[in-house]
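Hi,

Here is the structure I promised to send over. Have a look at it first, and then read on for my notes.

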Amino acid sequence: MDHVEVAPGRALVESGELVAGSMARSAAGLLFDGAAARVRLDDRLAAWLRRTATAADADLPAPVPRRGRCRAGAALAFAAELSVTRAAQGRSVRSDGFLARGPGDRAPADELAEAVVLAAADTTEEWRVRHLGYLLAEAAVSPDLDAAVVRRGLRLAGELTGRQLVLLAAVGRRERLPLPMAPVPQDPRGWTAWGALEDLTDLQRRGLLDPPPARPRPGGAALPRLRPADLRPTRSGVLVHRLLALDFVRDDAVTAALADLA
């Protein structure tokens, strides 16, 4: 059987099959053989993801384990996947220079994509890879978010635990999945509930969720009890939720994270 040489960038995206499933091969075909694909991407967006894949295939720093390489490829496959959805929703690729190459033959989008590829390769929580890829797709159709704001969102997301991202997803979908009305425990004895409360309090302290953590009152008066239903995303919380497309976090994962607070 003849050996068929696969373009390096295409090989990277196809390797994402280990993490993203068979969709990765479809995404690779869309990026590297668009004429044969049943759907099309904007030429500028496809060229951006294609050159990102090609550069990453050559430049991933050593030592990157095989699994890390697969995660990098999967992130780009997920970016292509959501890009198809955003196009079907009528969201056009931005034309404000985000994808335009400038000094050093680099575009602002190239810097962001490199950061996402490295973050995907480095994470061990592989469900995050989907949302890192989605960040690229969302940034490409969001002219109201400049490159610096997108990088801020990526940095904020990278500082959060997986459960914090799921809790942020829970608050973001409160209109269709109501949040519990029962107050969260103030001093939980079980480790799971304690860890969940720490995660929640940290989200408030970081300014991603309102209200902020309650402060001790003069005279030792009792602190108000916080109910999940009282939570609202702040501007920073909305940014992370939007960029990572946290609407796509599974409902069962949200239910489990809220149960951890009980």
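L112 is a good place to start: leaving out residues up to four places away in sequence, L112 touches F98, L135, L136, A139, V150, R151 and L154. Bear in mind throughout that this is a predicted model. L112 also turns up in the largest nonpolar core, which has 80 residues. Together with W48, L49 and L136, L112 is among the residues with the most contacts inside that core. The helix that gives the most to this core is α5 (residues 66-88), with nine residues. As background, nonpolar side chains tend to be buried together in soluble globular proteins.

On to the cavity. The structure holds one cavity of 30 Å³ or more, and its volume is about 30 Å³. Which residues line the largest cavity? They are L167, A170, V171, L179, L200, P228, L231, L258 and L261. Sorted by type, that lining has nine nonpolar residues, no polar ones and no charged ones. Helix α9 (residues 162-172) supplies the largest share of the lining, three residues.

Next, a polar pair with one partner in α10. D199 sits in helix α10 and is buried, because its relative accessible area is 11%, where buried means under 20%. What does the side chain of D199 pair with? It makes a polar contact of 2.9 Å with the side chain of R163. Leaving out residues up to four places away in sequence, D199 touches T161, R163, Q164 and L167. Of those, L167 is also one of the residues that line the largest cavity.

There is another charged pair to look at. R173 is in the loop between α9 and α10 (191-205). R173 counts as buried, since its relative accessibility is 2%. Its side chain and that of D251 are joined by a polar contact of 2.6 Å. Apart from neighbours within four places in sequence, R173 is in contact with L246, D247, F248, V249, R250, D251 and V254.

Some of that stretch also shows up around H131, which is in helix α7. Is H131 buried or exposed? H131 is buried, because its relative accessible area is 3%. The side chain of H131 reaches the backbone oxygen of L244 at 2.7 Å. Its contacts, again without neighbours within four places in sequence, are L243, L244, A245, L246, F248 and V249. L246, F248 and V249 are among the contacts of R173 too. As for distances, H131 and L18 are 113 residues apart in sequence and 16 Å apart in space, C-alpha to C-alpha.

That brings me to α11 (residues 235-243), where G237, L239, V240, H241 and L243 are buried. These buried residues pack against α7 (127-140), α8 (147-158), α9 and β2 (232-233). Just after α11 comes A245, with a positive phi of about 50°. A245 is in the loop between α11 and α12 (251-260), and it counts as buried, since its relative accessibility is 4%. A245 is also one of the residues in contact with H131.

A few backbone details deserve a look while you have the model open. D105 is a residue other than glycine with a positive phi, near 60°. D105 lies in the loop between α5 and α6 (108-122). Where is the cis peptide bond? It runs from D210 to P211, with omega near 0°. P211 lies in the loop between β1 (209-210) and β2.

Last, something from the outside. A36 is in the loop between α3 (23-32) and α4 (43-59). A36 is exposed, because its relative accessible area is 57%, and exposed means over 50%. Measuring C-alpha to C-alpha, A36 and P228 are 49 Å apart in space and 192 residues apart in sequence. P228 is another of the residues lining the largest cavity.

If you want to go through it in order, I would open the cavity lining, then the R173 and D251 contact, then the H131 contact with L244.

Cheers

Conventions
Residues are numbered from 1 along each chain as its sequence is written. This is a predicted model: local features need pLDDT of at least 70, side-chain atom pairs count only at pLDDT 80 or more; totals for chains, interfaces and linings use all residues. Side-chain values use heavy atoms; hydrogens and water are left out. On a 1 Å grid over the protein atoms alone, a cavity is a set of points where a 1.4 Å probe fits but cannot get out, and a pocket is an open set with protein on both sides within 12 Å along at least five of seven lines; lining residues have an atom within 4 Å of a point. Grid points are joined across faces, edges and corners, and a volume is the space filled by probe spheres set on the points. Helices (H or I, at least four residues) and strands (E, at least two) are DSSP runs, numbered from the N terminus. Ala, Val, Leu, Ile, Met, Phe, Trp, Tyr, Cys and Pro count as nonpolar, Asp, Glu, Lys and Arg as charged, and the others, Gly among them, as polar. Buried means under 20% relative accessible area, exposed over 50%, partly exposed in between (1.4 Å probe, protein chains only). A polar contact is a pair of N or O atoms within 3.5 Å; within protein, one must be able to donate a hydrogen and the other to accept it, and residues adjacent in sequence count only if both atoms are side-chain atoms. Contact means heavy atoms within 4.5 Å. A nonpolar core is a set of buried Ala, Val, Leu, Ile, Met, Phe, Trp, Tyr and Cys residues joined through side-chain atoms within 4.5 Å.
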